[in-house]
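Biologist: Could you walk me through this one? I'd like to start with the strands and then get to the rings.

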Amino acid sequence: QVQLVESGGGLVQAGGSLRLSCTASGRTFSNYAMGWFRQAPGKEREFVAAISWRGDKTYYAESKKGRFTVSRDNAKNTVTLQMNSLEPEDTAVYYCAAGSGPAFANSASYRSVYKYDYWGQGTQVTVSS
């Protein structure tokens with residue numbers, strides 16, 4: 001089992017920044033690819049960003065490139081999502097997720113909710129206009 005706890009959400013004005021963190025406990029964190037997803041009211045959960053278990057590969061949803069940055073610190077069991085130039089459309093509950101490394105054979109697999117085995121409880125991000 002892996003337990004994931006997100007933090008760093010909140011209310012921010014459009015154009016502002018937030019830094020989300022996800023801390024893992026349980027099994028060896030460095031064995032897992034990590035992803036960030038978000039879900040707005042009435043919408044499906046969507047991919048935001050992901051990072052490979054070694055941290056050498058990162059993936060982003062097209063609309064997030066250049067605004068969001070994902071990173072990880074395996075020594076601290078933490079993955080971080082830095083979000084800049086936030087827009088009201090970014091308002092959602094943000095979730096971090098962990099998936100076993102061998103399941104991620106290609107970039108498409110990082111974008112699939114079905115590849116992740118463990119999920120955090122989510123943290124609310126609200127961007128006001």
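**Strands and rings**

Modeller: Sure, and keep in mind that this is a predicted model. Four strands make an open sheet with antiparallel pairing, in the order E1-E3-E8-E7.

Biologist: Which strands stand at the edges of that sheet?

Modeller: Look for strands with a single partner, because one side of each is then left without a neighbour in the sheet. That picks out E1 (2-7) and E7 (68-73).

Biologist: And which residue of E3 is the bridge partner of Val5?

Modeller: E1 pairs with E3 (residues 18-26) in the antiparallel sense, over six bridges. Follow Val5 across to E3 and you land on its bridge partner, Thr23.

Biologist: On to the rings. Are Tyr59 and Tyr110 stacked or edge-to-face?

Modeller: A pair of aromatic rings is described by the distance of the centres and the angle of the planes. For Tyr59 and Tyr110 the centres are 4.3 Å apart and the planes are at 25 degrees. Planes under 30 degrees apart count as stacked, so this pair is stacked.

Biologist: How far apart in sequence are the parts that this pair ties together?

Modeller: Tyr59 lies in strand E6 (residues 58-60), whereas Tyr110 lies in helix H1 (residues 107-110). Both residues are buried. The pair therefore ties together parts whose separation in sequence is 51 residues.

Biologist: What is the angle between the planes of Phe104 and Tyr110?

Modeller: These two are buried as well, and their rings are 4.7 Å apart, centre to centre. The pair is tilted, with the planes at 40 degrees.

Technical notes: Residues are numbered from 1 along each chain as its sequence is written. This is a predicted model: local features need pLDDT of at least 70, side-chain atom pairs count only at pLDDT 80 or more; totals for chains, interfaces and linings use all residues. Side-chain values use heavy atoms; hydrogens and water are left out. Two strands pair if DSSP finds at least two bridges between them. Helices (H or I, at least four residues) and strands (E, at least two) are DSSP runs, numbered from the N terminus. Rings of Phe, Tyr and Trp (its six-membered ring) pair if their centres lie within 6.5 Å; planes under 30 degrees apart count as stacked, over 60 as edge-to-face and the rest as tilted. Buried means under 20% relative accessible area, exposed over 50%, partly exposed in between (1.4 Å probe, protein chains only).
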